[in-house]
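Hi,

Here is the structure I promised to pass on. Have a look at it, and my notes follow underneath.

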Amino acid sequence: MTATLIHGIRSLVTNEPALARDPSAPDAPLGLVADAALVIEGEHVVWAGPAADAPAADTAYDVGGRAVLPGFVDSHSHLVYAGDRTQEFNARMSGRPYTAGGIRTTVAATRAASDDELAATLARHLAEALRQGTTTLETKSGYGLTVDQEARAVRIAAGLTDEVTYLGAHIVAPEHDGDPAAYVAEVTGPMLDACAPYARWIDVFCEQGAFDGDQARAILTAGQARGLLPRVHANQLSYGPGVRLAVELGAASADHCTHLTDADVDALGQGDTVATLLPGCEFSTRAVYPDARRLLDAGATVALSTDCNPGSSFTSSVPFCVAIAVREMGMTPDEAVWAATAGGARALRRTDVGRLGPGAYADLAVLDAPSHVHLAYRPGVPLVTEVWRRGVRAV
Ligand code: NIG
Ligand code: FE
């Protein structure tokens, strides 16, 4: 197999602590290497380290003194959808609060769309995310809410990404208004049967106006019994049982984590469940940001993702989320970049992405900047100039 040396890397984020100059320094988790090189073979990284120590390779590629980091791992999006929520956003910016009710608008439009239209929209968003450095993207169903509609959503998603989440439990389907128990029976019965073959994950929106703690537990445990792994929309709009349920069930991630009690923070600090923060959502709903500092100080693992969806967070830009997390949520630039790469990988229980060391996929973002810190230092500037995915330059 041909070995390619990627050199001219002024600053390389590997997320391999063993490569850090000083293992006790605060930036050690990033495994930063100055004047670095990578060797890739096929789809994988086979070597990373100082350019001066690089092994021989068959070909060479010069990134011209730029910074390189692992491609972003966006572990939370809702991109099997149709329709538009511009009016709802406009109303919100005039003072109307965000509620789960807006989801119904997208459900109606999604049900009316063709398979081709839904697939084309998802493909367009994947390409948009890739241009901004995202090389792994999870996406969910949740705008169908009938057996057939949810099944086609996860099937379409599975055709375009490896990380598919069944979110039949987004809200109670309009057909079951006033009878949530009947809808939970559908979500845990025929809908689960139809969706499980296409999905890796099961999710539930545990929130007032969506599903309570008991319903969420029934939904997640039914998914687990079918081999799906749980993740939870937890504590987004109000305090509630979502985070502690996620930790108790060993969920890979509790997502949002905006309204947390001390007990919630302690649970995340002590458990293995990643706290995935989605600042695009608070930005676009004009809400209070989650407190990343409090979670990090308690020992929690924090991931940053976009939550890209047409209602609460219509951004596919991980760099935008990194900049907000640094400015508004108490994260250092190093912590935010780790959270958007290695953190996302943890939230998806992946060890083959989110890092640039031997055995990882050669998924990398090249910045037109001297270091990863510029992602927060230069907000809104499109610094990602080159993206490699699976060993091939894609952008
Ligand atoms: O993660 N919280 C629930 N679901 C989405 C919003 C979906 C929508 O408003 O369409 C979220 O924010
Ligand atoms: Fe979400």
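I'll start in the middle, with a helix and its surroundings: the buried residues of α7 pack against β8 (164-169), α5 (180-188), α6 (190-195), β9 (201-206), β10 (229-234) and α8 (242-248). Bear in mind throughout that this is a predicted model.

Which residues of α7 are buried? They are Q215, A216, I219, L220 and G223. Viewed down the helix axis, the buried residues of α7 sit within an arc of 125 degrees, so they line one face of the helix. On the face turned away from that buried side you'll find the exposed residues D214 and A225. The length of α7 works out too: its 13 residues (213-225) should span 18 Å at 1.5 Å a residue, and the end C-alpha atoms are indeed 18 Å apart. After α7 comes G227, with a positive phi near 90 degrees.

Helix α2 (residues 103-112) can be read in a similar way. Its buried residues are I103, T106, V107 and T110. These cover an arc of only 105 degrees around the axis, which puts them on the same side of α2. The exposed residues A108 and A112 are on the face turned away from the buried side. I103 also turns up at the ligand: 13 residues surround ligand 1, and I103, F205, N309, G311 and S312 come nearest. By class, that shell has nine polar, three nonpolar and one charged residues.

Now the loops. S114 lies between α2 and α3 (115-131). S114 has 10 other C-beta atoms within 10 Å, and the cut-off for exposed is 12 or fewer, so S114 counts as exposed. From S114 to R104 is ten residues in sequence and 18 Å in space, C-alpha to C-alpha.

A25 belongs to the loop between β1 (3-12) and β2 (33-41). With 12 other C-beta atoms within 10 Å, A25 is exposed as well. If you want a long distance to look at, A25 and A173 are 51 Å apart, C-alpha to C-alpha, with their positions 148 residues apart in sequence.

Two more loop residues are worth a look for their backbone angles. Most residues other than glycine have a negative phi. C257 is not a glycine, yet its phi is positive, at about 55 degrees. R349 is another non-glycine with a positive phi, of about 50 degrees. Where are they, and are they buried or exposed? C257 is in the loop between β11 (253-256) and α9 (262-270), and it is buried, with 30 other C-beta atoms within 10 Å. R349 is in the loop between α13 (333-347) and β14 (364-367). R349 has 15 C-beta neighbours inside 10 Å and counts as partly exposed.

Finally, the whole chain. It has 14 helices and 16 strands. A compact globule of 395 residues would have a radius of gyration near 21 Å, and the chain agrees, at 21 Å. Along the principal axes, the C-alpha atoms fill a box of roughly 65 × 45 × 45 Å. Buried residues account for 56% of the 395. As for contacts between residues at least 6 apart in sequence, 70% of them join residues at least 24 apart.

Over to you, and shout if anything is unclear.

Cheers

Technical notes
Residues are numbered from 1 along each chain as its sequence is written. Chains are lettered from A and ligands numbered from 1 in the order in which they are written. This is a predicted model: local features need pLDDT of at least 70, side-chain atom pairs count only at pLDDT 80 or more; totals for chains, interfaces and linings use all residues. Helices (H or I, at least four residues) and strands (E, at least two) are DSSP runs, numbered from the N terminus. The radius of gyration is taken over C-alpha atoms; the globule rule is 2.2 Å times the number of residues to the power 0.38. A residue is buried if 20 or more other C-beta atoms lie within 10 Å of its own, exposed if 12 or fewer, and partly exposed in between; C-beta atoms are placed from the backbone. Two residues are in contact if their C-beta atoms, placed from the backbone, lie within 7 Å. A residue is near a molecule or strand if its C-beta atom, placed from the backbone, lies within 6 Å of it. Ala, Val, Leu, Ile, Met, Phe, Trp, Tyr, Cys and Pro count as nonpolar, Asp, Glu, Lys and Arg as charged, and the others, Gly among them, as polar. The expected span of a helix is 1.5 Å times one less than its number of residues. The arc is that of the directions from the helix axis to the C-beta atoms.
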